[in-house]
Structure formats: structure tokens, C-alpha cells
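Q: Could you take me through one buried spot in this model, slowly, and then show me what is built around it? I'm still new to reading structures, so please explain the terms as you go.

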Amino acid sequence: MAIRSEVEQWDVVIVGAGIAGLAAAIALRKDGRSILVLEKSSMNKEVGALISLQPNASKIVDGWNMQPFLAEKKPMVDEAFRLLNVEGKLQVEMKLNTSQFGADRMLYHRQDLHDALRQAATSENMPGSPAVIRTSSGATGCDCESGTVYLSNGSSVQGSIIVGADGIRSAIRDEVIKGTTSEGSKAIPTGLSAYRILVEIDKLPKLDVPEDVFDLKRSATTMIVGHDKRVIMGPGRGGEMFGLVCLVPDPNPNGEGTSWNNPAPLGEVLEAFKAFPTWVREIMSQAPDVALWQLRDIDPLTTWTKGRAILIGDAAHAMLPTQGQGASQSIEDAEALQAFLSGIDSKSSSEEVHAQLQAIVSARYERASLIQAYSRLQAKPAASKDNKTVQLNPQEFMEYNCNYSGAKDWAKRQREAEEMAYKQTAARA
Ligand SMILES: Cc1cc2nc3c(=O)[nH]c(=O)nc-3n(C[C@H](O)[C@H](O)[C@H](O)COP(=O)(O)OP(=O)(O)OC[C@H]3O[C@@H](n4cnc5c(N)ncnc54)[C@H](O)[C@@H]3O)c2cc1C
């Protein structure tokens with residue numbers, strides 16, 4: 001279909017201003033493109049929780065020169081990953097020596113990271129043209145071939161490229177996978193739910209726990225595992241906040257509720273974690289509010305692209321949070337857009353656009369799908385029958401996940417691995 005001139009035109013229309021959409025705006029603005037970001041919400045309330053960026057994503061963010069926007073947000077370098085059993089005994093401490101990966105594992109308050117990405121996407125002081133973010137602008141669908149995005153108010157806009165970054169319940173995904181074997185794919189319950197708690201460290205009482213077992217202010221991630229449950233916790237915002245994600249078997253596996261914001265009574269969390277150390281429950285009991293979130297992911301899709309449209313972030317490969325890679329994979333997607341679309345402009349034909357979008361999918365698909373699968377594996381119950389031993393190996397996927405230098409380098413590594421496999425097969429024949 002030809003591009004219609006009466007519809008508002010943009011080089012890139014990004015649907016969704018979450019971490020994936022904002023990162024894509026930063027990545028693509030450098031080449032002077034006009035970028036419109038459509039966001040369904042009013043964007044005045046980002047979820048209060050902590051989030052980490054792994055070395056594979058931190059390295060990309062460092063390369064975007066985001067320091068002016070991030071420095072004031074008090075990011076913290078995560079120094080260690082610590083595993084405890086339900087008796088509060090330390091099982092493993094893995095120092096996060098990330099120098100081999102070229103960047104640190106960083107801990108952020110989710111609001112702060114989101115704010116910094118938004119500022120960088122729209123700042124006059126970054127290379128290229130600032131992106132325009134239009135809030136309260138939900139997309140209902142798109143025409144992938146013409147690049148038209150339809151909005152709930154009846155209007156439409158057109159982009160040479162549509163980036164579907166509209167999260168796990170993506171409207172753009174429905175169009176991209178229409179007519180493929182993935183048609184109708186939806187987010188699926190994973191059998192897990194998470195209570196999310198964020199407390200101010202200064203408001204906590206002195207905890208009855210030796211410092212070598214647990215230190216509230218230490219910049220480290222601690223996980224306690226047992227009784228089919230686990231708590232993953234650590235400090236944020238320069239040590240002002242402390243966040244806990246408390247995973248439990250889903251009490252309502254067929255019920256609705258993918259929102260971050262399903263309030264839950266504090267008593268319910270304390271009851272669920274009654275076998276956990278008293279000092280952890282003491283932290284929980286200071287929660288100003290608690291939210292219960294049903295965790296869903298999606299099966300790998302047959303494709304992430306159609307015509308002028310491409311899916312990124314949770315819209316493409318929503319995954320469980322057990323490896324903390326969801327946001328990091330979104331950042332990797334954004335870098336892939338930057339790397340492969342540098343030669344594409346508004347004069348490029350739809351075939352040229354689609355060829356580059358397909359190249360992005362080829363470079364990203366296997367890796368993101370494998371990390372999705374690893375995240376499911378890591379979610380399996382991980383304590384011995386007597387709950388005394390934790391059978392998780394935090395180092396298991398570290399090398400694969402974190403040893404990353406951008407999508408073009410990854411595509412080269414994939415090609416080399418395929419050539420090597422081909423040669424080995426030929427030599428055996
Ligand atoms: C408990 C838990 C802990 C986690 N911890 C980590 C962690 O430590 N590290 C990590 O890397 N990841 C973590 N993740 C995963 C991470 O939060 C997500 O993978 C990541 O934020 C995905 O970003 P996204 O932009 O693709 O989607 P979203 O954050 O869902 O953003 C989508 C945006 O699109 C908007 N939108 C939706 N529909 C439309 C529409 N039709 N039109 C316009 N706009 C629309 C939404 O309002 C939203 O702003 C965690 C996840 C969970 C469940």
C-alpha cells in the first residue's frame with residue numbers, strides 16, 4: 001500500500017514508552033530522524049520497584065552517554081550475588097567481577113531509570129533530533145505494510161518504521177503475527193506470582209542478623225530460597241530504598257491480573273513467608289503497601305517483524321524475571337535497531353526497510369528466545385526436599401547472558417559458529 005500524504009508522517013513511530021520504547025528512541029534519534037513515541041498512559045506514575053541492568057545492557061547504556069541523566073539518580077553498582085537457605089544460612093556468595101564483560105551490573109529505582117531514559121530521548125543536548133512523546137495515546141493496531149498506526153481516538157499516524165514496544169499485551173504484536181503459526185499468541189500464566197515491596201531503609205528497625213549473613217546497606221543482591229518460594233532483594237537509590245520481589249506459586253493460576261498494581265494485604269505475604277528468617281519478615285512488615293503481580297511470559301513467536309513493523313522488548317519476548325534480563329534484553333533490542341537501521345531513511349523502499357528489520361530479527365531472535373527459556377528454567381523450585389540446600393547455580397548463564405558487544409558482533413559470532421559446525425560436519429562425513 002502506498003504511503004498516504006494526508007496522514008501525519010514520521011520517520012519512526014514507536015508504540016509504548018516503557019524501557020524498550022524509550023531506549024529505542026534514544027538509539028534511533030542520533031541519525032536525525034523524526035521520532036514519535038505513542039504512550040497509552042498519562043506517564044505520571046511509574047511503578048515503585050527496583051530494577052537491575054546487567055553488564056550486557058549497562059555497556060550499551062554507557063555508550064549512549066547517558067551519564068548526565070543517570071548520575072543524579074544515584075545508581076548503585078551491584079557487587080555480589082548471595083544465596084541463602086530458609087534457615088538464613090549463606091550457601092553461595094558470587095562476587096560480581098564484571099570487568100570481563102566491560103560494564104557493571106547496575107541497580108536502579110525503576111522510576112529513576114525510566115525518567116533518565118525519557119529525559120535522554122527528549123533532550124536537546126543529545127545527538128540528533130529529540131523524540132516527541134505523546135501521552136494518553138493508545139494504539140489499537142497498525143497496518144504493517146503502509147506503516148500506519150491507528151489510535152483509540154480515531155486518528156492515525158504513519159511511520160517509515162513502526163516499533164512495537166507496547167509490552168506483554170501488545171496490540172502491534174497481534175498485527176505482526178497475523179497469518180503466522182503464532183497468530184493469537186497471548187501472555188500465558190507461568191504458575192508464579194510475585195509480591196513486590198519497596199521500603200525506605202531509614203524507616204527500618206535494627207535487624208537481628210549478623211552483618212556477615214546480611215547487611216541491609218551493602219550493594220549486593222540477596223536471594224533466599226525454600227518451600228517453593230524465593231525472595232530476591234537489594235538496596236537502591238544510593239542506599240535510600242530497599243526492594244523485595246517475593247516469588248510464590250500463583251494462588252490464582254487461571255485468574256486475570258497481569259498488572260503491577262493488584263494490592264495485597266501485608267498479612268498474606270507474612271503468612272506466605274512464615275518459614276523464612278524473622279529478619280526478612282521484619283523488613284517485609286515495614287512495607288507501606290504490597291502489590292501482587294501474576295507473572296506471565298510468552299512462547300517464542302514465529303517472527304517479530306512484518307512489513308515496516310518490528311516488535312521489541314516484552315512485546316517480542318516477555319520473560320520471567322528470574323534472571324533479571326527483561327529490561328536488559330529491551331536495551332539490546334534498541335541497540336540492534338541503531339546498528340542495523342543506520343542506512344535507512346524516509347526515502348528507503350518498504351523492501352529495504354523490511355530487509356533490515358529482518359536482519360535485526362535474525363541477529364536477536366535466537367539469543368532472546370534462549371534467555372526466555374533460561375528464565376523459565378531458573379524458575380523451577382530450587383531447594384532440596386528438606387529445604388536446607390539451594391540447588392541454583394547463579395553463574396550458570398552469566399557468561400552467555402553478559403558477554404555481549406552489540407547485535408552486529410553477535411550476528412558475526414553466530415555466523416562463525418555456524419561455519420565451524422558446518423566444517424566439523426563436513427570433516428566427519
Ligand atoms: C517481578 C519482576 C522483576 C523484574 N526485574 C527486572 C530486573 O531486575 N531487571 C530486568 O532487566 N528486568 C526485570 N524485569 C522485566 C522488565 O521489567 C521488563 O522486561 C521490561 O521493563 C520490559 O519493558 P517494555 O518496555 O518492553 O514493556 P513495558 O514496561 O510493559 O512498557 C510498555 C509500555 O507500552 C505502553 N502501552 C501498552 N499498550 C499500549 C498501546 N496499545 N498503545 C500505546 N502504548 C501502550 C504501556 O503503558 C507501557 O508504558 C522484571 C519483571 C518482573 C515481573
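A: Let's start at Trp64, which sits in the loop between helix H2 (55-63) and helix H3 (67-70). Helices here are DSSP runs of H or I with at least four residues, strands are runs of E with at least two, and both are numbered from the N terminus. Before going on, keep in mind that this is a predicted model, in which local features need pLDDT of at least 70 and side-chain atom pairs count only at pLDDT 80 or more, while totals for chains, interfaces and linings use all residues. Residues are numbered from 1 along each chain as its sequence is written, and side-chain values use heavy atoms, with hydrogens and water left out.

So, is Trp64 buried or exposed? Its relative accessible area is 8%, which means that Trp64 is buried. The cut-offs are these: buried is under 20% relative accessible area, exposed is over 50%, and partly exposed is in between, using a 1.4 Å probe and protein chains only.

Who surrounds it? Leaving aside neighbours within four places in sequence, Trp64 is in contact with Ala23, Ile26, Ala27, Met126, Ile331, Ala334, Glu335 and Gln338. Contact means heavy atoms within 4.5 Å. Another residue to find is Pro127: it is 63 residues from Trp64 along the chain, yet their C-alpha atoms are separated by 9.6 Å.

Now zoom out a step. Trp64 belongs to the largest nonpolar core, which has 83 residues; Trp64, Ile14, Met66, Val149, Val163, Ile331 and Leu337 are the ones touching the most other members. A nonpolar core is a set of buried Ala, Val, Leu, Ile, Met, Phe, Trp, Tyr and Cys residues joined through side-chain atoms within 4.5 Å. Helix H1 (residues 19-29) gives this core its largest share, 9 residues. Apart from this core lies another one, of 31 residues, with Ile201, Leu204, Met284 and Ala287 among them.

Val163 is a good second member of the 83-residue core to click on. Beyond four places in sequence, its contacts are Val12, Val13, Ile14, Val15, Ala24, Ile310, Ile312 and Leu337. Several of these lead us to a stretch with a label: an unreviewed UniProt entry lists residues 12-28 as "transmembrane region". UniProt positions follow the numbering used here, feature names are shortened, and annotations may be inferred rather than shown by experiment. In the model, that span is 59% helix and 24% strand, and its end C-alpha atoms lie 8 Å apart.

Next, follow the chain past Trp64 to strand S5 (residues 80-85). All 6 of the 6 residues in S5 are buried, so the strand is largely enclosed by the rest of the structure. Both of its faces are covered, with Ala80, Arg82 and Leu84 on one side and Phe81, Leu83 and Asn85 on the other.

S5 is part of an open sheet of 8 strands with mixed pairing, in the order S6-S5-S13-S14-S15-S12-S17-S16. Two strands pair if DSSP finds at least two bridges between them. Strands S6 (90-95) and S16 (262-263) are at the edges with a single partner strand each, so one side of each has no neighbour in the sheet.

What does S5 pair with? On one side, 5 bridges join S5 and S6 in the antiparallel sense, and Leu83 has Val92 in S6 as its bridge partner. These two strands form a hairpin with 4 residues between them, and Gly88 in the turn has a positive phi of about 80 degrees. S5 also runs parallel to strand S13 (residues 221-226), again with 5 bridges, and here Phe81 stands opposite Thr221.

At the far end of that order, S16 pairs antiparallel with strand S17 (residues 291-297) over 2 bridges, Pro263 being matched with Ala291. S17 is mostly covered, with 6 of its 7 residues buried. Strand S12 (residues 188-200) runs antiparallel to S17, joined by 7 bridges, and Arg196 stands opposite Ala291.

There is also an open sheet of 3 strands, S3-S7-S4, with antiparallel pairing. Strands S3 (50-53) and S4 (76-77) are its edge strands, each pairing on one side only.
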